[in-house]
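Welcome, and please open your viewer. We will go from one selection to the next and say what is there at each stop.

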Amino acid sequence: MDFKFDLPKLEEVFSENFSSSVYLILANEYLKKNDIGRAETVLKIGREHHPDSIIGKYLLAKIYLLKNKINKSQS
């Protein structure tokens, strides 16, 4: 099942509160659109507030693999 999210609304919520867990959904939506740069930026900001998030770590590792940064994806 593929959910439809309102990207501008997600961006608004995230920009108003960087500590919101919506960063995971927003980053994933960017990845679906192949906007790797924005996804990486959102994840880095989100992980500052949620450093133990397993999903955040996974998505960031996925981005590093897509950017062919194999060593960075393993950390």
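In which helix does Leu-24 lie? Select Leu-24 and you will find yourself in helix H2; helices (H or I, at least four residues) and strands (E, at least two) are DSSP runs, numbered from the N terminus.

Before going on, a word about the model: it is predicted, so local features need pLDDT of at least 70 and side-chain atom pairs count only at pLDDT 80 or more, while totals for chains, interfaces and linings use all residues. Residues are numbered from 1 along each chain as its sequence is written, and side-chain values use heavy atoms, with hydrogens and water left out.

**Stop 1: Leu-24**

Stay on Leu-24, which counts as buried because its relative accessibility is 18%. Buried means under 20% relative accessible area, exposed over 50%, and partly exposed in between (1.4 Å probe, protein chains only). Now show its surroundings: not counting residues up to four places away in sequence, Leu-24 touches Leu-43, Ser-53, Ile-55, Gly-56 and Leu-59, where contact means heavy atoms within 4.5 Å. Add Arg-47 and draw a distance: its C-alpha atom is 9.5 Å from that of Leu-24, although the two residues are 23 apart along the chain.

**Stop 2: the whole fold**

Zoom out and switch to cartoon. You should see five helices and zero strands, in the order α-α-α-α-α along the sequence. The C-alpha atoms fill a box of roughly 35 × 25 × 25 Å along the principal axes. The radius of gyration is 12 Å, which agrees with the value near 11 Å for a compact globule of 75 residues; it is taken over C-alpha atoms, and the globule rule is 2.2 Å times the number of residues to the power 0.38. Of the 75 residues, 35% count as buried. Among contacts between residues at least 6 apart in sequence, 44% join residues at least 24 apart.

**Stop 3: the nonpolar core**

Which residues have the most contacts inside the largest nonpolar core? Select Leu-26, Val-42 and Leu-43, in a core of 18 residues. Such a core is a set of buried Ala, Val, Leu, Ile, Met, Phe, Trp, Tyr and Cys residues joined through side-chain atoms within 4.5 Å. Colour the helices next: H1 (7-16), H2 (22-32), H3 (36-49) and H4 (54-66) each supply at least two residues of this core, and the largest share, seven residues, comes from H2. Then centre on Val-42, which touches Phe-14, Tyr-23, Leu-26, Ala-27 and Tyr-30 when residues up to four places away in sequence are not counted.

**Stop 4: Glu-40**

Is Glu-40 buried or exposed? Glu-40 is found in helix H3, and with 9% relative accessibility it counts as buried. Leaving aside neighbours within four places in sequence, Glu-40 is in contact with Leu-60, Ile-63, Tyr-64 and Lys-67.

**Stop 5: two asparagines in loops**

Most residues other than glycine have a negative phi. Select Asn-34, in the loop between H2 and H3: its phi is positive, about 60°. With 60% relative accessibility, Asn-34 counts as exposed. Move on to Asn-68, in the loop between H4 and helix H5 (70-73). Phi of Asn-68 is positive too, near 60°, and this residue is exposed, with a relative accessible area of 61%.
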